[in-house]
Amino acid sequence: MFLNSLASGLPTLTIVEIVQRVLCQLWYIRNRPDKIPESGDIPDEMCQTPGPVAAFSAFMVIQAILISAAGFMITSFIGQYAALMGRKPILLLVLLGGLATACSFSAALFIPSYIGVLVFFSLWLILSALSYPVSTLMIINLMVIDTALPDERTTRLALIFGGMYAGEIPAYTIGGFINRVVGPRILSLIIISISLFQVLYASAITNETFGGEKREAARQERHERRQTARERSLERWAEQEGDSTRGLKRAVRKTYEAIRAVLDPLTRLQPVKRDDGRWNYRLTMIGISYFLMSLSSGYVNVGLIAYLTIVLRRNPEQNGFILTWISAMQLTGATIAFPLISKLGRILYAKLTARKQKGKGPTAGQDPDISRAERDVSPAPSSDTISNPRSEYSSAHFDVYLLRWSWSFIALFFVVIGFAKNTWQLAAVCSLVLAFSGAHPTIQAITAASVNSIQTGEAIAGLEMVGAIGRFASPLVFGAVQAKVIITAPLVLWMSMAAVTIAGIALTFFIRDDDRYIPTAADLVSNGNGEDRSH
């Protein structure tokens, strides 16, 4: 994940510079050819005029929209096909997309004409959106979830996120340095080398984590769902016999089914009816709470930069220090602080629970917090209790507390950031990132514990799609709020974000232990080799 994040970030500043130059040249060729110097080289000052700047801004907006849309679709693709084809083929496909992205960037640098450069950069724009590091992150996370022990799942996911942060932090600086010293062409060849190494490493070293029996079960489940949908469609077609709008209705229905196929992972988050007749809202509550958290935090980077610049009147160098400090706290939190909090907190909570239960006399091997109905249907082993810190039940139970802990510090961050006025106060407040850097891996772990192993990919894909919607809506909501209050009442923005965050935390109290997925004997096997992963 470190190399993938590094390779993705290295060319960013170089690409921005080159695209700006190309768009500037094309704008003058199309709109003001008489202003182009005889040498053909347009000075930087001419590229800072409103026309070329507007063209470049439009390009950046298109890139952001394309990355959001492509990320939404590729998440759905990974969630569904990683279960049908296996994790490793999808990982290789994503990494090959990264290699193709690097090659298109390199090709653009060796093309002499501006039109050729624009063609290859357009290809780079599409491929980079499809092979964005988030795609690699998701498939790697699924592989971690497949193999990690229940009590290690959250920690290992956090370490993967830490690897991504470790690649992001130095990428811009290193990429800019290489570009200045040896030029963009050598930089592009370095990126190709890193991308090729990733593909070769994944091909030779990485093992498949989703066994053949699970893939076959996933295909069977998908076939049954498709068969049910087809039968329903044929029934509707027969019912519309003689209807003059029958063909149009069929076309509309086919379009709806195609859209639904992309959105299919979202259906994993809808309520399901339990065997005892009650409704299970666990994934629904997880999805709604994550949407609120994504909505509240999706605008925080842009909002923070605007706040520092406009309200506190800080210069770019000072802003750069704060953003670098936040990145450092994310890395430290994901790789050191959060894993320690998760491991020690899990053990301590289990000991306190065992001490509390001592003398209450539960049936041997059972946990008093498990409902009678759950005991009757659960084939889980006797060690799957809340007082056993390594059990599936204890891990799933404690992860919800861990999530509330992380999100509570996010709310605290929003509340106090508006009161920080100088560099040291801002750095102190931003240190809170240490405490909530594990929020994302924690909610992924909770989601994984809510479904059987066959459905894990689609459930997490549905969660990430909900998060993408929240992050897309965040600038629309909080950007509008900040535009109105940034001068007169800047604290309103941060308090609004805190309020939405608290609402997300409140919904976690509806995530019930009774609604978690109870592993069967087949689910307690890792990669089909019979290894018990429950304790």
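Author: Before we start: a residue is called buried here when its relative accessible area is under 20%. Also, this is a predicted model.

Reader: Okay, let's try that on Ser 104. Buried or exposed?

Author: Ser 104 has a relative accessible area of 4%. That is under the 20% cut-off, so Ser 104 counts as buried.

Reader: And where is Ser 104 found?

Author: In helix H4, which covers residues 87–110.

Reader: Which residues does Ser 104 touch, if I skip the ones up to four places away in sequence?

Author: Ser 104 touches Phe 120, Leu 123, Trp 124 and Leu 127. There's also a polar atom of the Ser 104 side chain that lies 2.7 Å from the backbone oxygen of Thr 101.

Reader: New topic: Tyr 299. Where's that one?

Author: Tyr 299 sits in the loop between helix H11 (282–297) and helix H12 (300–311).

Reader: So it's in a loop. Is Tyr 299 buried or exposed?

Author: Buried, because the relative accessible area of Tyr 299 is 10%.

Reader: What is Tyr 299 in contact with, leaving aside neighbours within four places in sequence?

Author: Tyr 299 is in contact with Ser 474, Pro 475, Phe 478, Gly 479, Gln 482 and Met 497. With Gln 482 there is a polar contact, side chain to side chain, at 2.7 Å.

Reader: And how far is Tyr 299 from Gly 470, going by C-alpha atoms?

Author: Their C-alpha atoms are separated by 9.9 Å, and the two residues are 171 residues apart along the chain.

Reader: Let's switch to holes. How many cavities of 30 Å³ or more are there?

Author: The count is 2. The second largest cavity has a volume of about 50 Å³.

Reader: Which elements give two or more residues to the lining of that second largest cavity?

Author: Helix H3 (50–84) and helix H9 (212–239). H9 gives the most, with 4 residues.

Reader: Can you list the residues that line it?

Author: Sure: Gln 80, Ala 83, Leu 84, Ala 218, Glu 221, Arg 222, Arg 225, Arg 268, Ile 454 and Glu 458.

Reader: How do those lining residues divide into nonpolar, polar and charged?

Author: For the second largest cavity it's 4 nonpolar, 1 polar and 5 charged.

Reader: Last one: helix H18. How many of its residues are buried?

Author: H18 runs over residues 439–448, and 9 of its 10 residues are buried. Among them are Pro 441, Ile 443, Gln 444 and Ile 446.

Notes: Residues numbered from 1 in each chain as written. Predicted model: local features only at pLDDT ≥ 70, side-chain atom pairs only at ≥ 80, totals over all residues. Heavy atoms only, no water. 1 Å grid on protein atoms, 1.4 Å probe; cavity = no way out; pocket = protein on both sides within 12 Å on 5 of 7 lines; lining within 4 Å. Points joined across faces, edges and corners; volume = space filled by probe spheres on them. Nonpolar A, V, L, I, M, F, W, Y, C, P; charged D, E, K, R; others polar. Buried < 20%, exposed > 50% of the residue type's maximum accessible area, 1.4 Å probe, protein only. Contact = heavy atoms within 4.5 Å. Polar contact = N/O pair within 3.5 Å; in protein donor to acceptor, adjacent residues only side chain to side chain.
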